[in-house]
Amino acid sequence: MASGVRNGGGGGGGVGAGRMSGKLDRQSVTVTPKSTGKPRPSAGSGGAYRRASSGSLPAAGGGRASSESGVSSRVRVAVRLRPRNADELAADADFGDSVELQPELKRLKLRKNNWESETYEFDEVLTEFSSQKRVYEVVAKPVVESVLEGYNGTVMAYGQTGTGKTFTLGRLGEEDTAARGIMVRAMEDILADITPETDTVSLSYLQLYMEMIQDLLDPVNDNIAIVEDPRTGDVSLPGATVVEIRDQKSFVDILRVGEAHRVAANTKLNTESSRSHALLMVNVRRTVKGRHEMDASISGENGHSSSIVGSLRPPIVRKSKLVVVDLAGSERIDKSGSEGHTLEEAKSINLSLSALGKCINALAENSPHVPVRDSKLTRLLKDSFGGTARTSLVVTIGPSPRHRGETTSTIMFGQRAMKVENMVKLKEEFDYKSLCRRLDIELDKLIAENERQKKYFDDEVERITAETQCRVTEAERECKIALESEKAKYHQEYLDSIKILEEKWKIHQQSPKKQIKETGSSPNEVGEVQNLLQNEKILRQSAEYEANDLKNQVLHWKKMEAVVTAEVVKLRKMLDTEASQKEKLEEEIAVLKSQLLQLSLDADETRRSLDRGDGSGKIFPGFDSLMSHTRNSEPREQSNGPKPPIAKLFEQVGLQKILSLLESEEPDVRVHAVKVVANLAAEEANQEKIVEAGGLTSLLMLLRSSEDETIRRVAAGAIANLAMNETNQDLIMAQGGVALLSMTASDAEDPQTLRMVAGAIANLCGNDKLQIRLRGEGGIKALLGMVKCGHPDVLAQVARGIANFAKCESRAVTQRNKVGKSLLIDDGALPWIVKNANNEAAPIRRHIELALCHLAQHEVNSKDIISEGALWELVRISRDCSREDIRMLAYRTLTSSPTLQSEMRRLRIEY
Ligand code: ADP
Ligand code: MG
């Protein structure tokens, strides 16, 4: 008798059914919750990789997932039955098949024997008659559509060798197009959907065998490393060949090449393809349209520079990945190594597949630990099961009752996989590089436009000035001529009339009587003279009027000149405004570039840490390099190789510009700028340039004035790095650096700030010439004040500072440059030294042990050493210290000091 219906997915029967079945099967489009034999376990708690909760889920590729949190989506599982082959037709003719399919009910009955069977429910049941087209539409198409929308997707085939995994996924169908498998059809759909101008499709094709990843596109490359992004946890294979795909033909060619290499590689390794896993990884990169064009139209209209940075948002790119996995055969292989493999090799061959089974069991059972790291396959498929991808699995089975055992285990694998819940997430990010390119073009355009306008204004000003000058000169000249000629004319007339009058007067004088007699008109002549005089007067007046008129004209032209001059001033002002806008724009570009620089620094550091493989997940890696640099002053490899992007950007932005951003009004910009300066200061090659450009003064200024502890912390770190150099140590002291560092320490809340400050002071402590000043300005007190926080990193820096100081002091005493007790003892360092001389952290202990030996070498300190109990510590060091050089130093110190010797005798310490 058949028992109840089994269903791995439980209540999720309706989930995405419409998508899963595509357009072909109306019956399965209907969303019908099915009664199930076993309730689905509720997800949500436990498992590190399980973040989903069950419940209603959107159809595959349907509603937009929030890119932040993701949307729950169960792994979809279809079962496919291979038709009987010739052997089976001959050999099993008398037997029925081991399974019976009920595709319309999405059920499969597994015969146990003639009278008993077990029923299982799947998302899709594909009979021996199902076409390749239908299999693609049901199993892979929803995943492909999802990938095109920006989500990761996985299609995987699982089953015994010979049941049709490669047939389902990898058939090229060149002789019969209806036989095309999932890989070929998926690429057809992808290429039909993308826009070649803005989107790219690339792929890698790999084989995994005996925990070695081989490149099927470059078989020499046969042990590719998996690299994990420490921040996102995403895995990638940077060593694999990546080929860009532009058309279907080149894709099929590549599959063929890959297949040929697979056969060749397996022959070389003495195995069959059925023992290895094949993985096709297709990367789809799409630019999201819409926002770019909109922004361009906003900024293009008035072309005002100040609006550019605000309105040009970075374009968005979606980078999704389709992984198609043709797994190794699931049958148990002979552990005895009958295929020519040793037992160890046999274990290794099976490792990935059994690890995959364990992970799926753990995810299906909501186990708190999923052993993802147990094999390379599970690491590569981390996102496919319990991750953010949309995953579809096809389990393939054969009909023969001879393989009932393998068929049963395949079905059980599919059932468990149906319980795995993923959280699909949109793979979307900002494309800062293309924004920067766009801004550069925009800036060039603006500069050109600005220069064109400036030239136009200059020409215009020159033309108007010349024209005005000309007119004024002309008017003045005309005026002068007219005035002169009028003057001459009236002068002449005046002279003429005077002459006439004189003559008349003469005649009149000579013979007045005769004349009177002759003319008989003496009184008339007088009247004539009077008339002439009158005329003279009128003429003079009109000449004066005319002269005034000309003067007015000159005045008018002068006024005109003033108006033109005002116009020129106005144009100049406009030019100034343009210039200042240009400057602002350049500043904004510099800010963006510095942000980009910061991003590149982060990326660089991440890359480096990946190269180192430390996976430490640093939050601000450049910052950490400040201290690592102190420990390791070897020049980095980078400085010899080709110029890294940081240095290139640094040159582009310019040190002065970056330093000027330290005083920016924008707090964000200040933080970025100080981080960039700190990163640069970590490179010895940059230190001198930074100090020369006034960077040290600016950093000290930030300690004095910044309200933001992050800025003070990063600035202190940068100063610590600069303080490794003697010249810089003098400069820091001269600019009141010790007081500023002490102030920063007393305001700090974050132990990392204290670590930076202590590191800086510790470096200063190692300078012989600065001892007295450093102590006088409270350097030692500041160091001792920081031990309150108790953080081991801070204590290590304090201990280093004290050791440096003690060593310098000891040198000074030896060279007779110093007499009297140690300044460290005067400042009360001894109790802390005694308390921490046996600190469990090795770096702290070592520094303190050294400091103690240095102090004890001088008789003046002996009394305090005895009274504070440091003698016991010295004895301990001389006996137990693991470092032989320190042990010997302590021993020599004890045996050469008369005071300590006599105290030891008094205390009966055997030596
Ligand atoms: P696997 O990759 O699981 O080892 P293959 O895909 O190589 O299996 O299939 C084994 C044989 O069965 C091949 O000859 C293949 O052509 C044939 N075969 C598999 N599935 C089907 C099917 N659905 N219809 C017809 N022939 C099939
Ligand atoms: Mg195969």
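Here are some notes on the fold, the cysteines and two helix pairs in this predicted model.

1. Starting with the overall picture, the protein has 35 helices and 18 strands. Of its 911 residues, 47% are buried. Looking at contacts with a separation of 6 or more, 74% are between residues 24 or more positions apart.

2. On to the cysteines. If you're hunting for disulfides, the count comes to 0. Take Cys765: the closest cysteine sulfur belongs to Cys808 and sits 8.1 Å away, which is too far for a bond, because a disulfide needs the two sulfur atoms within 2.5 Å.

3. Are Cys765 and Cys359 buried or exposed? Cys765 has a relative accessible area of 1%, so it counts as buried. Cys359 comes in at 5% relative accessibility and is therefore buried too. The cut-off behind both calls is under 20% relative accessible area.

4. Next, a helix pair. Helix α21 covers residues 695-705 and helix α22 covers residues 709-722; they pack at an angle of about 140°, with 9 Å between their axes. That angle makes α21 oblique to α22, since the roughly antiparallel label is kept for angles over 145 degrees. The crossing of these two helices is left-handed.

5. What does each side bring to that contact? From α21 you get Leu696, Leu699, Leu700, Leu702 and Leu703, and they meet Ile711, Arg712, Ala715, Ala716, Ala718, Ile719 and Leu722 of α22. By type, the contact of α21 with α22 has 11 nonpolar residues, no polar ones and 1 charged.

6. The second pair is α34 (residues 884-896) with α35, packed at an angle of about 85° with axes 5 Å apart. So α34 is roughly perpendicular to α35. On the α34 side, the contact uses Leu894, Thr895 and Ser896, while α35 supplies Pro898, Leu900, Gln901 and Met904. This contact of α34 with α35 divides into 4 nonpolar and 3 polar residues, with no charged ones.

7. One residue in α35 deserves its own point. Glu903 lies in this helix, which spans residues 898-906. At 13% relative accessibility, Glu903 is buried, because anything under 20% gets that label. Which residues does Glu903 touch, leaving aside those up to four places away in sequence? They are Ile866 and Leu871.

Key
Residues numbered from 1 in each chain as written. Chains lettered and ligands numbered in written order. Predicted model: local features only at pLDDT ≥ 70, side-chain atom pairs only at ≥ 80, totals over all residues. Heavy atoms only, no water. Buried < 20%, exposed > 50% of the residue type's maximum accessible area, 1.4 Å probe, protein only. Axes fitted to C-alpha atoms, helices over the stretch in contact; angles between N-to-C directions. Helix = DSSP H or I, 4+ residues; strand = E, 2+ residues; numbered from the N terminus. Parallel < 35°, antiparallel > 145°, perpendicular 65-115°, else oblique. Left-handed = near helix turned anticlockwise from the far one by under 90°. Contact = heavy atoms within 4.5 Å. Nonpolar A, V, L, I, M, F, W, Y, C, P; charged D, E, K, R; others polar.
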